[in-house]
Amino acid sequence: MLKRLRELMAEVLEPQERLDRVVAQIATSMVSEVCSFYVLRADGVLELYATHGLKKGAVHQAQLKMGQGLVGSIAATADPLNLSDAQSHPAFRFLPETGEEKYHSFLGVPILRAGRSLGVLVVQSKKERIYAEDDVEAMETTSMVLAEMIATGELKKVTRPGLELDMTRPISIDADGYGGGVGLGYVVLHEPRVVVTDLLAEDIDAELDRLNIAVKSLRVSIDDMLSRRDVPLEGEHREVLEAYRMFANDRGWRRKMQEAVRNGLTAEAAVEKVQSDTRGRMINLSDPYLRERLSDFDDLANRLLRQLTGFTPSAIATGLPEAAIIVARNMGAAELLDYPRECIRGLVLEEGAVTSHVVIVAKAIGVPVVSQATGIASLAENGDSIVIDGDDNIVHLRPATDLQDAYADKVRFQAKRQEEFSALRDVEPISKDGVACNLLMNAGLVVDLPQLRASGAAGIGLFRTELQFMISSKMPKAKEQETFYRQVLSQAGNLPVTFRIVDIGGDKVVPYLRSAEEENPALGWRAIRFSLDRPGLLKTQIRALLRASSGTELRIMIPMVTEVSELEKTRKLIDHEVEFLSGHGYKMPSKISFGAMLEVPSLLWQLDELMAAVDFISVGSNDLFQFITATDRGNARVSDRFSPLDAPFLRVLRTIVEKASETNTPLTLCGELAGNPLTAMALLGLGFRSISMSPAAIGPVKAMLLSLDIGKLQTELLRSLRDTKSGHSTKEFLINFANENNISL
Ligand code: PEP
Ligand code: MG
């Protein structure tokens, strides 16, 4: 059947005629009186596009909604239906214009692409019979060819105006936004799908050989991964690989692909067909465990496809449009930084949460970002137009022109507002009641530095040095580190910079510093724990910082401190390096200020010792909140379950403020809480006078500060926290306060 279809595809024919001959051909091959082809339109209706056997007058007239009748259910569930008597099925819906009442047996299969239903292909016959398994397979294989016809736009000529096909349908998806504004542009899939262009096999035996060789080498590569020394004998990493090995050896999976080849597809088209069927089922599954398992198959299919087509999965290599919106299931912070910043207008993730590092980095480099956009990576095609709205928490894929125009206006408005904020750049950050505050910015890359002047920040409150390690392909040498820090200090001029020593581990993966897989990386071998165990790395960094700061102040800060003894050990290392370098005639910094991040709860019970051991403290509210509430900051299912604006967390912060003021210890907060005008307002109300945030947040936070009476807020907020209800949220109180007092949020 596929051979004949291939000949039909090659002939020069008008699209409707080609469709008519295709359905006639399928009916003959399937020994059925009827073959019909329904296509899903943008309005969610399945329209009869061609038929052999039903009344011709029904073509482009007969229609069913998604989920309606047998055809609609097949499209909605992405599952075939094989019935000996269609009319006795509860979902059957009679369409008088088709004259189908004469036919009893019915076989319908979904037409799938990347797991999405694009239409339905049906055969019917008068005799009551169940079609054989082979027939179902053959129909599914044939439907691949029809999916290709739809996807390549061949049917456009027979589409009536206003009733476009689903492939071009605008879709809006709710997502989590982070107030980063609006981005307009074109989809760039971070992991572009392999496009299979050769669907039909010339030589079935040769294709079977190709498939078998590819599956075999896939298995070998998984066995290799499992036998690598850095894969622990037990634990999650091994379990995932073991599951992969099991699936790669799954006979059912291989049999399905072989069957598709025997039915006339090339090896890669067969892999794609089975992958598409799996995805179709995955989309409809709610059980997270099963979805996970099916997504393992999906990953394996991608590996096979790459191998069979020699495809390299780099979106960057293929060139970016000028206004690129990167779409990914998830990605690491370093991967985002691989893209040329000047082309990126936004980032859309299916996973991710506010304190995921990729989200932090996107915000730091001023890229609007939304996460939790379910299904976006399967629904979007490279080059589709897309709008992301980080303020209204929504993504519009292939938006209608009027919506796009409205957003273009919004972008212009946003630019104007940004101009207003820049007008505040040189205004002193003093509250309405005369309290001076310190608004600092977070940074970590050279690209951030121009923002220091542009934003009007008073300095860099958190310089995440690990970002330089994360974006480089090998360990930065001592000299490179020194040059980099020197560059940072020289650009900062007389403004202070607080360097945090590397915070590696957790979700901050540094590829060349691979360590064993951990069950709970956030609680694992990370940050100062890692650095103290790898003193060579720590010493190199300290030395580079000391040399880069010669003659000026060096502010150095230690991440993830759990007990004060870790600070003592680090300080000893610093003293030792100072002695060593001075002994070798190097000019030392004019002053060394030594600080700790307060982000592990155990420090709350060592506050006196802690304050005595440091020159300053910076609260890492992202991690502190994660550990206080035991909620993974990168897992969106739980990350916003509790709010930092709930009383318990604010009380923790207030305790820190009180202790710092009692001991005269300079205090800053540098987590994401500082960068949102409402939460920043809460921090000011708690008594923080120094906060560090992404550069884009400085303007909005300063506007809030200028309109705020801190004294009044502090009295009311602290009173509200003394309220005995421990779980209560202060959000409503803060919003009301802002409204009543005309505070710019
Ligand atoms: C924090 O934990 O709040 C913090 C600022 O550090 P990071 O986000 O880099 O872990
Ligand atoms: Mg942290």
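**A magnesium site and a mixed sheet**

In this predicted model, the magnesium ion (ligand 2) takes its protein donors from E599 (OE) and D623 (OD), at 2.1 to 2.2 Å; donors are N, O and S atoms within 2.8 Å of the metal (3.2 Å for Na, K and Ca), and since water is not among the atoms, sites may look incomplete. The two residues, 24 apart, link distant parts of the chain: E599 sits in the loop between β19 (591-598) and α20 (607-613), and D623 in helix α21 (residues 621-629). Helices (H or I, at least four residues) and strands (E, at least two) are DSSP runs numbered from the N terminus. E599 is buried at 2% relative accessibility and D623 is buried at 3%, where buried means under 20% relative accessible area (1.4 Å probe, protein chains only).

Residues are numbered from 1 along each chain as its sequence is written, chains are lettered from A and ligands numbered from 1 in the order written. Local features need pLDDT of at least 70 and side-chain atom pairs 80 or more, while totals for chains, interfaces and linings use all residues, and side-chain values use heavy atoms, without hydrogens and water.

Turning to the sheet, eight strands form an open, mixed arrangement in the order β7-β14-β13-β9-β10-β11-β12-β8, with pairing requiring at least two DSSP bridges between two strands. The edges belong to β7 (171-174) and β8 (176-177); each has a single partner strand, so one side of each lacks a neighbour in the sheet. Strands β10 (residues 324-328) and β11 (residues 344-349) run parallel and are joined by five bridges, and V327 stands opposite V348 in β11. Helix α13 (residues 401-423) packs on the sheet and touches β9 (182-189), β13 (385-389) and β14 (394-397), contact being heavy atoms within 4.5 Å.

Technical notes. Buried < 20%, exposed > 50% of the residue type's maximum accessible area, 1.4 Å probe, protein only. Axes fitted to C-alpha atoms, helices over the stretch in contact; angles between N-to-C directions.
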